[in-house]
Amino acid sequence: MGLIKDIYSVSFYEKFSQAVAEVHPSFNKQKFIEAIYEDDFAQKEWKERMKHTTVVLHQFMPQNFPEAVFVIDKIIENLKKNKFTEGNLAFIFFADYIEMYGLDDFKTSAKAFVSITQFISCEFAVRPFILKYKEQMIDEMVKWSLHENHHVRRLASEGSRPRLPWAMAIPFLKKDPSSILPILENLKNDPSEYVRRSVANNLNDIAKDNPQIVLEIASRWKGHTKETDAIIKHGSRTLLKQGHPEILSHYGLESTNIELSNFEIKTPTVKIGDYLQFHFQLNNKNEEPKTVRLEYAVHYKKAKGHLAKKVFKISEKIYQPNQLTKIERNQSFKLITTRVFHTGNHQLSIIINGTESEVLEFELID
């Protein structure tokens, strides 16, 4: 598998520039490609190449923004007609174009988002518009949540997330998300799972700053449909990992008479690159079946010496009365780009329906 930045290849720009030239007669293919490959293109990473493509394209487009948007719509129509990788990540520069050059033209940009997002998602590009126009933009997104196209409906929920990963946060929505709740209400029974999952992700964002709002929604939506129940469950995942009492009660997850025994770390010393191995037994000592959400927490040692807990789910299922179950798990300490490991004492615990067990220690070494 090649590097993501290599989606911007000579072949890509050749095909793309041909598609542009077919609908924009003044477009100079050769000069466009020469401008793309000027200077240090080979050293640019994916996002830099995407931004660079936006800037270069702008040099060859009408300088009047509404006229440029009109041309972009024509380009996209041509790309679709020629079946040139609809939805390909490479084309995210169309959304970036609106973000970079349309921020002062709300009306044109809002219409552009509706058309472009049906080809390539605009969830990142709408964020500066929410920050600048606030309620005006949110009102527009409420309308999008009723759109016939599922990509547009998803843009309403995904673009309005208070904490969209890899994107700028929206501070006023983190503080008070009430203005985006109508979007989620409109989409809670959406026929597209793609859209419903976005609703759940939005709820999960809200839960990190306003858990009570999500708990109220969970109570109100409970049992409405199996789809809304699934949205609530996925949207409550952070609260469940935190062992929030109200969400545990919502799902009937009680730890009373669920017995943990023989909890043991089989590898008390772990080398970076190897696995932590542990096992334990679980017994439902209640007289009736119980749903058990089973997790474990690794308390990682950080650079400054303190411990930071990360929770991993094992399972959530029904245990019959006096059902004794042995569970074994391996936790990887292989080097990955998203986590830095620090040698020294770490901790491990088992979490049963939000209740954390005794903590065992293990040592991580080079």
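This tour goes through a predicted model, from the whole chain to a single residue, a helix pair and a pocket.

**The whole chain**

Show the protein chain as a cartoon. It contains 16 helices and 8 strands. Along its principal axes, the C-alpha trace spans about 75 × 50 × 35 Å. Of the 366 residues in the chain, 48% are buried. Among contacts between residues at least 6 apart in sequence, 68% join residues at least 24 apart.

**His 24**

Select His 24, in the loop between helix H1 (10–23) and helix H2 (29–36). Is His 24 buried or exposed? Its relative accessibility is 9%, and the cut-off for buried is under 20%, so His 24 counts as buried. Now add Phe 60, Met 61, Pro 62 and Val 71, which His 24 touches when residues up to four places away in sequence are not counted.

**Helix H6**

Next, select residues 106–116, which form helix H6. How many residues of H6 are buried? The count is 8 of 11, so H6 is largely enclosed by the rest of the structure. Colour the buried ones: Phe 106, Thr 108, Ser 109, Ala 110, Ala 112, Phe 113, Val 114 and Ile 116. To see what they pack against, show H4, H5, helix H7 (127–133), helix H8 (135–144) and helix H9 (150–159).

**H4 beside H6**

Keep H6 and add helix H4, residues 65–81. Two packed helices are described by the angle between their axes and the distance between the axes. For H4 and H6 the angle is about 5 degrees and the axes are 11 Å apart. Angles under 35 degrees count as roughly parallel, and H4 and H6 are therefore roughly parallel to each other. On the H4 side, show Phe 65, Pro 66, Val 69, Ile 72, Asp 73 and Ile 76; on the H6 side, show Thr 108, Ser 109, Ala 112, Ser 115 and Ile 116. These residues make the contact. By class, 7 are nonpolar, 3 polar and 1 charged.

**The largest pocket**

Finally, select Lys 47, Met 50, Ile 92, Phe 124 and Trp 166. Of the 18 residues that line the largest pocket, these are the closest to its centre. The space in the pocket is about 370 Å³. Which helix gives the most to the lining? H3 does, with 4 residues. Show helix H3 (46–59) together with helix H5 (93–101), since each supplies at least two lining residues. Coloured by class, the lining divides into 12 nonpolar, 1 polar and 5 charged residues.

Notes
Residues numbered from 1 in each chain as written. Predicted model: local features only at pLDDT ≥ 70, side-chain atom pairs only at ≥ 80, totals over all residues. Heavy atoms only, no water. Axes fitted to C-alpha atoms, helices over the stretch in contact; angles between N-to-C directions. Parallel < 35°, antiparallel > 145°, perpendicular 65-115°, else oblique. Contact = heavy atoms within 4.5 Å. Nonpolar A, V, L, I, M, F, W, Y, C, P; charged D, E, K, R; others polar. 1 Å grid on protein atoms, 1.4 Å probe; cavity = no way out; pocket = protein on both sides within 12 Å on 5 of 7 lines; lining within 4 Å. Points joined across faces, edges and corners; volume = space filled by probe spheres on them. Buried < 20%, exposed > 50% of the residue type's maximum accessible area, 1.4 Å probe, protein only.
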